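Please open the structure in a viewer with the sequence panel visible. The tour below proceeds by selections, each followed by a short account of what is found there.

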Amino acid sequence: MECKHSQNVTQRLARIAGQVNGIREMVEEGRPCEEVLVQLSSASRALTQAARLVMTEHLEHCVAEGFATGDEAAVIENLAKALEQFAKMK
């Protein structure tokens, strides 16, 4: 089963990429550690939010579609893998 993600996921990831590039520039400029850490924390939260969105989409589309087609065993296995990866995020 192919997963299709919303444009919202793509937009969030593009924004995060820009944020990370900005942080790299801050480091290269020698900006204060406190400022860099604030931005790193913000980027981390943004990644967590993107992961939540991907997980929600997985439930709404992949899991629902899998149960509708009667492939419960594969759905449960894939959901367990997704939950395991999501749980590793901090």
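**First selection: Gln85**

Begin with Gln85, which is placed in helix H3. The model is a predicted one, and every value given on this tour is to be read in that light. Is Gln85 buried, partly exposed or exposed? Its relative accessible area is 48%, so Gln85 counts as partly exposed. Next add Leu53 to the selection and display the distance between the two C-alpha atoms: Gln85 and Leu53 stand 32 residues apart along the chain, and their C-alpha atoms are separated by 14 Å.

**Second selection: the largest pocket**

Gln85 also belongs to the lining of the largest pocket, together with Cys3, His5, Leu47, Ala50, Ala51, Val54, Met55, His58, Ala82, Phe86 and Met89. Two elements, H2 and H3, each contribute two or more residues to this lining. H2 supplies the largest share, namely six residues. Colour the lining by class, and nine residues appear as nonpolar, three as polar and none as charged. The space in this pocket amounts to about 160 Å³.

**Third selection: helix H2**

Now select residues 33-68, which form helix H2. The helix has 36 residues, and the distance from its first C-alpha to its last is 51 Å, close to the 52 Å expected at 1.5 Å a residue. Where is the kink in H2 centred? It is centred on His58, with an angle of about 35 degrees.

Show the side chains of the buried residues of H2: Val36, Ala43, Thr48, Ala50, Ala51, Leu53, Met55, Glu57, His58, Cys62, Val63 and Gly66. Among the elements that cover these buried residues are helix H1 (7-29) and helix H3 (72-87). For a contrast, turn to Val38, another residue of helix H2. Val38 counts as exposed because its relative accessibility is 51%, where the cut-off for exposed is over 50%. From Val38, extend the view to Leu59, which is 21 residues away along the chain; the C-alpha atoms of the two are separated by 32 Å.

**Fourth selection: His58**

Return to the centre of the kink. His58 has a relative accessibility of 15% and therefore counts as buried, the limit for that class being under 20%. Which residues does His58 contact, apart from its neighbours within four places in sequence? They are Val63, Asn78, Leu79 and Ala82. His58 is among the residues that line the largest pocket, and it is also one of those lining the largest cavity.

**Fifth selection: the cavity**

How many cavities of 30 Å³ or more are counted? The count comes to one. The space in the largest cavity is about 30 Å³. To see its surroundings, select Cys3, Lys4, His5, Val54, Glu57, His58 and Cys62. By class, this lining comprises three nonpolar, two polar and two charged residues.

**Sixth selection: Val75 and Phe67**

Move to helix H3 and select Val75. With a relative accessibility of 6%, Val75 counts as buried. Setting aside neighbours within four places in sequence, Val75 is in contact with Val63, Gly66 and Phe67. Cys62 lies 13 residues from Val75 along the chain, and the C-alpha atoms of this pair are separated by 7.8 Å.

Phe67 is found in helix H2. Its relative accessibility is 38%, and Phe67 therefore counts as partly exposed. Residues up to four places away in sequence being left out, Phe67 touches Glu72, Val75 and Ile76. Just after H2, select Gly70, which takes a positive phi of about 85 degrees.

**Last selection: helix H1**

Finally, select helix H1 (7-29). H1 has 23 residues and reaches 33 Å from its first C-alpha to its last, close to the 33 Å expected at 1.5 Å a residue. Which residues of H1 are buried? They are Val9, Ile16, Gln19, Ile23 and Met26. The cover over these buried residues includes H2. The tour closes just after H1, at Gly30, where a positive phi of about 80 degrees may be displayed.

Terms used
Residues are numbered from 1 along each chain as its sequence is written. This is a predicted model: local features need pLDDT of at least 70, side-chain atom pairs count only at pLDDT 80 or more; totals for chains, interfaces and linings use all residues. Side-chain values use heavy atoms; hydrogens and water are left out. Helices (H or I, at least four residues) and strands (E, at least two) are DSSP runs, numbered from the N terminus. The expected span of a helix is 1.5 Å times one less than its number of residues. The bend at a residue is the angle between axes fitted to the seven residues ending there and the seven starting there. Buried means under 20% relative accessible area, exposed over 50%, partly exposed in between (1.4 Å probe, protein chains only). Contact means heavy atoms within 4.5 Å. On a 1 Å grid over the protein atoms alone, a cavity is a set of points where a 1.4 Å probe fits but cannot get out, and a pocket is an open set with protein on both sides within 12 Å along at least five of seven lines; lining residues have an atom within 4 Å of a point. Grid points are joined across faces, edges and corners, and a volume is the space filled by probe spheres set on the points. Ala, Val, Leu, Ile, Met, Phe, Trp, Tyr, Cys and Pro count as nonpolar, Asp, Glu, Lys and Arg as charged, and the others, Gly among them, as polar.
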